[in-house]
Amino acid sequence: GMARAWLSAAAARHRSSLYFALLAAGYIAYLLLGACIFSAIELPHEQRLRRQLVAARRDFLSNNSCVSDARLEALLLRALEASNYGVSVLRNDTTRNWDFVSSLFFSSTVLTTTGYGHTVPLSDGGKAFCVVFCVLGIPVTLFLLSVAVRRLVVLVTRRPVSYLHRRWAVPRARLAALHAAGLAALTALLFLLIPAGIFTRLEKDWSFLDSLYFCFISLSTVGLGDYVPGETHSSEDNPHPQLYRLAITAYLLLGLLCVLVLMETCSQLPQLRRLSQRFCPDTVRRLDSETANIVEQDHLGAACSEPSQLATLRHAAALPSVSEQAATLQRDAPAA
């Protein structure tokens with residue numbers, strides 16, 4: 001009996017730690033499951049592609065006896081090394097990776113940590129400048145995005161939810177969940193489905209799934225780099241490649257901003273906040289509550305910057321509330 005009581009008391013004290021351990025274990029299991037599924041799906045394709053390449057190389061050497069295996073190996077290694085730096089031997093005369101618009105596209109993908117990897121600095125000076133550029137630019141980009149997201153969340157989420165809550169008397173938690181679902185659907189339509197259809201029309205080698213895959217990988221800042229718009233275009237297919245690349249840059253920045261607004265909206269849902277509190281110790285929850293109160297007081301003081309408004313607030317704070325006065329009268333009544 002005592003042991004069971006001690007165990008239950010210990011579990012109650014460390015309940016948040018147990019929940020967090022279960023969450024971490026679930027995440028590791030999710031990673032392992034993903035690895036197993038990816039391996040089961042992709043490994044047969046990789047083995048088939050390897051066999052095809054070996055057969056193609058053998059056929060080429062048999063049909064071109066004047067080319068030795070060593071010279072072909074050296075040529076392929078050189079071509080692959082150049083391809084890793086974004087230079088292809090197939091279209092050196094048309095594609096420019098480091099003109100102004102392409103460099104602007106590269107800068108935006110680097111500062112937003114998307115990093116497709118299809119174009120990388122070739123020189124030591126470019127690599128050194130990229131490090132300095134990212135050290136200064138990534139924190140500024142994150143700060144800019146956070147400020148923009150906070151401003152947009154007020155306009156897109158808090159004000160509409162508060163207005164509808166007052167007008168329709170719908171519970172705020174339910175209204176916030178419906179608003180987040182609608183915002184998610186609108187974001188998916190405007191920045192995933194419609195752009196995927198546009199890319200399907202503009203990129204001749206892309207299917208709708210390829211285009212949707214590129215949009216999602218880009219806006220989630222994964223940026224694998226296996227699909228990059230404009231890489232397969234010829235001058236006949238796209239007579240304005242610079243304008244096309246500039247439009248893609250604008251789409252990626254605006255889409256990333258909208259995705260962050262959606263994530264911030266979802267993170268403020270009362271349901272998710274209650275769920276996240278299960279994984280935080282009581283001291284952390286108290287600290288968060290105290291921090292929220294301090295921030296609210298700072299916002300209130302900043303909003304009422306006029307001396308008359310500050311005097312009114314101080315006077316109101318000095319006056320006891322109605323409930324406090326009632327409680328005082330109830331305590332004094334027996335003594336009278």
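**Exercise 1.** In this predicted model, is Y213 buried, partly exposed or exposed?

*Solution.* Start with the relative accessibility of Y213, which is 29%. Buried would need a value under 20%, and exposed one over 50%. Y213 therefore counts as partly exposed. Next, try Y227: its relative accessibility is 24%, so Y227 is partly exposed too.

**Exercise 2.** Work out how the rings of F129 and F133 pair, and where the two residues lie.

*Solution.* Begin with the tally, which comes to 8 aromatic pairs. One of them joins F129 and F133, with 5.6 Å from centre to centre and 25° between the planes. Planes under 30 degrees apart count as stacked, and this pair is indeed stacked. Now place the residues: both are in helix α5 (residues 124–168), 4 residues apart, or about one turn of the helix. Finally, check the surface: F129 is exposed because its relative accessibility is 54%, while F133, at 29%, is partly exposed.

Now compare the pair of Y213 and Y227: the centres are 5.8 Å apart and the planes make an angle of 80°, an edge-to-face arrangement. This pair links distant parts of the chain, with Y213 in helix α7 (residues 208–219) and Y227 in the loop between α7 and α8 (241–267).

**Exercise 3.** Test whether the span of helix α2 (residues 15–63) agrees with its number of residues.

*Solution.* Take 1.5 Å a residue: the 49 residues of α2 should span 72 Å. Then look at the end C-alpha atoms, which are 71 Å apart, so the two values agree. As a last step, look along the helix for a bend: α2 bends by about 35° at E42, and the proline P44 follows within four residues.

Note on methods: Residues are numbered from 1 along each chain as its sequence is written. This is a predicted model: local features need pLDDT of at least 70, side-chain atom pairs count only at pLDDT 80 or more; totals for chains, interfaces and linings use all residues. Side-chain values use heavy atoms; hydrogens and water are left out. The expected span of a helix is 1.5 Å times one less than its number of residues. The bend at a residue is the angle between axes fitted to the seven residues ending there and the seven starting there. Rings of Phe, Tyr and Trp (its six-membered ring) pair if their centres lie within 6.5 Å; planes under 30 degrees apart count as stacked, over 60 as edge-to-face and the rest as tilted. Buried means under 20% relative accessible area, exposed over 50%, partly exposed in between (1.4 Å probe, protein chains only).
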